[in-house]
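The following exercises concern a protein model and its bound ligand. Each task is followed by a solution that proceeds step by step.

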Amino acid sequence: MPLLRSAFISLSRNRLLRRFCERSLAGRRLSARFVAGMEIEDALRVAEAVNGQGIAVTLDSLGESVTSEAEAHRAAEVYHQLLDAIAARELNANISVKLTQMGLELSPELAETIAENLAEHAAATGNFVRIDMEDSSLTQVTLDIVRRIHARSPLQGAIGIVIQAYLYRSQADIEQLVAKGIRVRLCKGAYKEPAEVAFPRKADVDTNFVRLSRMLLDSPVYHGVATHDDAMVAEVKSYASQHGIDASRFEFQMLYGVRRDLQRRLAREGYKVRVYVPFGREWYPYFMRRLAERPANVLFLARNLFRS
Ligand SMILES: Cc1cc2nc3c(=O)[nH]c(=O)nc-3n(C[C@H](O)[C@H](O)[C@H](O)COP(=O)(O)OP(=O)(O)OC[C@H]3O[C@@H](n4cnc5c(N)ncnc54)[C@H](O)[C@@H]3O)c2cc1C
């Protein structure tokens with residue numbers, strides 16, 4: 001793993017720096033590039049503007065690894081409010097949820113109950129809950145929870161998962177998920193993982209991403225391909241067109257503030273595009289993972305900070 005990427009991922013876990021950045025005005029200004037704002041209303045406003053460009057949204061209330069049951073329930077309450085607001089304002093948006101924010105590390109049963117309640121609320125409002133994937137110590141438990149919730153018949157179609165192409169296990173996981181009809185978001189993977197579980201070389205991650213994206217495109221289920229990588233996007237477009245897979249059968253997904261040119265171009269070309277819009281006060285770990293993906297962002301952000 002290149003040194004800078006590794007350094008930013010380590011920094012993403014630094015509690016002192018996190019507390020300082022999240023509370024400082026400069027930190028908040030820096031985060032604005034990748035984070036819609038601090039409040040629900042900020043996220044809804046951004047969602048409406050993104051929808052106005054013909055692009056769908058998934059809303060992420062930032063936060064991970066809560067330390068009490070009450071905190072997990074408070075985090076879930078924000079998502080319940082979002083589901084109601086999305087329905088009331090008729091936004092083209094769903095929600096993305098991290099199970100550690102729903103108490104996974106305190107009690108997997110707690111996280112499962114909260115996720116199930118969210119899936120029920122989503123089903124009742126014609127919406128969908130995407131469970132984000134976190135580090136590899138949580139892959140199996142996350143898959144188990146999503147599979148169990150999906151198996152409860154009124155909730156089929158209301159919950160989906162994320163698979164990371166950097167993990168060796170992902171091909172087998174996709175085979176099982178596709179067989180059950182569970183919607184997958186495929187991404188490369190954003191955490192620091194050892195070579196025992198994940199491909200260390202970017203070229204191997206990319207090759208696996210292409211292989212897994214084809215498995216998803218071949219399945220009858222509606223999946224998401226999450227990447228800003230021109231080469232991955234080109235592979236997906238070409239495979240779909242060669243195999244007669246209509247552009248309405250899958251979506252590209254990208255992060256708020258990243259490759260806006262590519263987001264708009266794909267939407268103009270008639271592809272479905274969804275932007276992941278994070279908001280909230282606990283933006284620091286998310287922000288650091290974005291810098292890890294592209295350390296050149298530091299220069300870009302610094303220039304903007306001093307300019308404004
Ligand atoms: C919608 C969405 C949801 C995601 N959900 C998860 C999840 O649940 N779990 C998880 O582990 N990961 C998640 N990720 C992150 C993902 O795993 C990657 O870390 C991230 O998308 C970078 O990979 P890439 O495919 O864009 O390609 P890379 O190979 O990292 O980058 C290719 C090119 O894309 C551009 N680019 C990539 N990242 C950035 C950036 N931050 N800023 C500016 N340009 C950039 C650059 O031009 C770069 O050269 C998600 C990503 C997206 C888009």
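**Exercise 1. Composition of the ligand shell**

Task: Determine how many nonpolar, polar and charged residues the shell around the ligand has, and state which residues come nearest.

Solution. The model is a predicted one. Sorted by class, the shell around the ligand comprises ten nonpolar, six polar and eight charged residues. Of the 24 residues around the ligand, those that come nearest are Lys188, Gly189, Lys202, Thr227 and Glu293.

**Exercise 2. Polar contacts and coverage of the ligand**

Task: For Gln164, Lys188 and Glu293, give the distance from a polar side-chain atom to an oxygen atom of the ligand. Then state what share of the ligand's accessible area the protein covers.

Solution. Step one takes Gln164: an N or O atom in its side chain is 2.8 Å from an oxygen atom of the ligand. Step two takes Lys188, where the corresponding distance to a ligand oxygen atom is 2.6 Å. Step three takes Glu293, which has a polar side-chain atom 2.6 Å from an oxygen atom of the ligand. Finally, the ligand on its own has 930 Å² of accessible area, of which the protein covers 86%.

**Exercise 3. Elements around the ligand**

Task: Which elements give two or more residues to the shell around the ligand, and which gives the most?

Solution. Two or more residues come from each of β4 (159-164), β5 (183-187), β7 (250-255) and α12 (284-293). The most come from β7, which gives three residues.

**Exercise 4. The setting of strand β2**

Task: Decide whether the residues of strand β2 are buried or exposed, and describe how β2 is joined to β1 and β3.

Solution. Begin with burial, for which the cut-off is under 20% relative accessible area. Strand β2 spans residues 93-97, and five of its five residues are buried. In a regular strand, side chains alternate between the two faces of the sheet. Accordingly, the two faces are examined separately. On one side Ala93, Ile95 and Val97 are buried, and on the other Asn94 and Ser96 are buried, so that both faces are covered.

Next, consider β1 (residues 56-61), which pairs with β2 in the parallel sense over three bridges. Val57 has Ala93 of β2 as its bridge partner. Between β1 and β2 the chain passes through helix α5 (residues 69-89), in a right-handed β-α-β crossover.

Then consider β3 (residues 129-131), whose pairing with β2 is parallel and has three bridges. Here Ser96 stands opposite Arg130 of β3. The chain runs from β2 to β3 through helix α6 (residues 108-124), and this β-α-β crossover is right-handed.

How values were computed
Residues numbered from 1 in each chain as written. Predicted model: local features only at pLDDT ≥ 70, side-chain atom pairs only at ≥ 80, totals over all residues. Heavy atoms only, no water. Buried < 20%, exposed > 50% of the residue type's maximum accessible area, 1.4 Å probe, protein only. Helix = DSSP H or I, 4+ residues; strand = E, 2+ residues; numbered from the N terminus. Pairing = 2+ DSSP bridges. Right-handed = clockwise from strand over helix to strand, strands pointing away. Near = heavy atom within 4 Å. Polar contact = N/O pair within 3.5 Å; in protein donor to acceptor, adjacent residues only side chain to side chain. Areas by Shrake-Rupley, 256 points an atom, 1.4 Å probe, with all protein chains shown as cover. Nonpolar A, V, L, I, M, F, W, Y, C, P; charged D, E, K, R; others polar.
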